[in-house]
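Visitor: I should be grateful for a close look at a single part of this model, followed by a connected account of its other features. Please state the cut-off behind each term as it arises.

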Amino acid sequence: MSFTATQLRLYFIMGSQDCPDQDPIDVLEQAIAGGITMFQFREKNSDLTLSETVALGRHLREICRQHNIPFIVNDRADLALILDADGVHVGQEDMPAREVRRLIGPDKILGVSAENIAEARQAIEDGADYIGVGPMFLTSSKADAGFPIYPEALQSIREQLEEPFPIVGIGGITASNAHKVMAAGADGIAVISAIAKAEDPKQAAEALVQAINSTKM
Ligand SMILES: Cc1ncc(COP(=O)(O)OP(=O)(O)O)c(N)n1
Ligand SMILES: Cc1ncsc1CCOP(=O)(O)O
Ligand SMILES: [Mg+2]
C-alpha cells in the first residue's frame, strides 16, 4: 500500500488491553464508521497468548483491508509479516528502524517515534515514512510515556526539518485539544483512549474528525 501524509489524519491505535469492556473488533468497526484513516494494532501488556494475539490481529487486519485502512503493527516486525500488515511502528527503544526497514522491504509503511529534531532526522535517514511525536499531553495509556512535550515540540521539529515530512502527534489527545496539535503543524493525530475508551467509539471518532477539520491554520 502506498503511503501519503493524509492517511495520518485520524490514526487510531488499539489492543485488547485498551477496551476491556468492549470487543476490540466492534470498536475498530465503529471507529472506521466514524472516520479513522489509519489503524495500529498495539497489543501490549495484555492477557492474550501469542496465538490469541495472532488470531485477533488477523481479524482486525481483515476489517482494515475491507475498508482500505492501512493496518500497522506496533513494535513487532515478525507479527507484521505474519499478518501481512501494511507496516510497522517502532520507538526509540525498539528494534532499530533501519533494521526494520531492511526486514519489511521498501514498500511497507515504517513509522518511528521521535521527540526531538535529532531523532526525527535519524528516523528519516533510517527510512521512516512518518514520525510519531509525543506525548503531546498527559496520557494514561502508556505508563512509560514520560512527561508531555506539548505541541510546541512538534512545531519546533516541523520548523527545523528542511523538507515537508509526515508527522502525527500522539498522547493525551482529545476532541478538545486536537486543534492545538494540528495548529502546530501535524498532519494528523494518533489516539488510543479518546476512541477505545469512549462509550460510543463511532461518535468519538466523528467528534475527532470534526475537531481536526475545524482547525484554523
Ligand atoms: C503513531 C505512534 N507514535 C508513537 C508511538 C509510540 O511508540 P513507542 O515509543 O515505541 O511506544 P509503544 O507504543 O511501543 O509503547 C506509537 N506507538 N505510535
Ligand atoms: C502509544 C503512546 N505513545 C506516546 S503517548 C502514547 C499513548 C497514547 O494514548 P492516548 O491517546 O490514550 O493518550
Ligand atoms: Mg514501541
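Guide: Pro135 lies in the loop that runs between β6 (130–133) and α6 (150–160); helices (H or I, at least four residues) and strands (E, at least two) are DSSP runs, numbered from the N terminus. The peptide bond leading from Gly134 into Pro135 is cis, its omega being near 0°. Most peptide bonds are trans, and most residues other than glycine have a negative phi. Asn68, which is not a glycine, has a positive phi of about 60°; this residue sits in the loop between α2 and β3 (71–74).

The model is a predicted one, in which local features need pLDDT of at least 70, side-chain atom pairs count only at pLDDT 80 or more, and totals for chains, interfaces and linings use all residues. Residues are numbered from 1 along each chain as its sequence is written, while chains are lettered from A and ligands numbered from 1 in the order in which they are written. The protein chain has a mean pLDDT (the predictor's confidence in each residue, from 0 to 100) of 97, with 99% of its residues at 70 or more. The scores of the model are ipTM 0.99 and pTM 0.98.

As to the ligands, 19 residues surround ligand 1, and Gly91, Ser113, Gly132, Ile170 and Ala190 come nearest; a residue is near a molecule if its C-beta atom, placed from the backbone, lies within 6 Å of it. At least two residues of this shell come from each of β1 (10–14), β4 (87–90), β5 (109–113) and β7 (167–170). By class, the shell around ligand 1 holds six nonpolar, eight polar and five charged residues, where Ala, Val, Leu, Ile, Met, Phe, Trp, Tyr, Cys and Pro count as nonpolar, Asp, Glu, Lys and Arg as charged, and the others, Gly among them, as polar. Ligand 2 has 14 residues around it, of which Thr139, Ser141, Gly171, Ile192 and Ser193 come nearest; its shell has seven nonpolar, six polar and one charged residues.

Helix packing completes the account. Helix α1 (residues 24–34) packs against helix α2 (residues 50–67) at an angle of about 15°, with the axes 10 Å apart. This makes α1 roughly parallel to α2, a label given to angles under 35 degrees. In this contact, Pro24, Ile25, Leu28, Glu29 and Ile32 of α1 meet Leu56, His59, Leu60, Ile63 and His67 of α2, with C-beta atoms, placed from the backbone, within 7 Å counting as contact. By class, the contact has seven nonpolar, two polar and one charged residues.

Definitions and conventions: Axes fitted to C-alpha atoms, helices over the stretch in contact; angles between N-to-C directions. Parallel < 35°, antiparallel > 145°, perpendicular 65-115°, else oblique. Contact = placed C-beta atoms within 7 Å.
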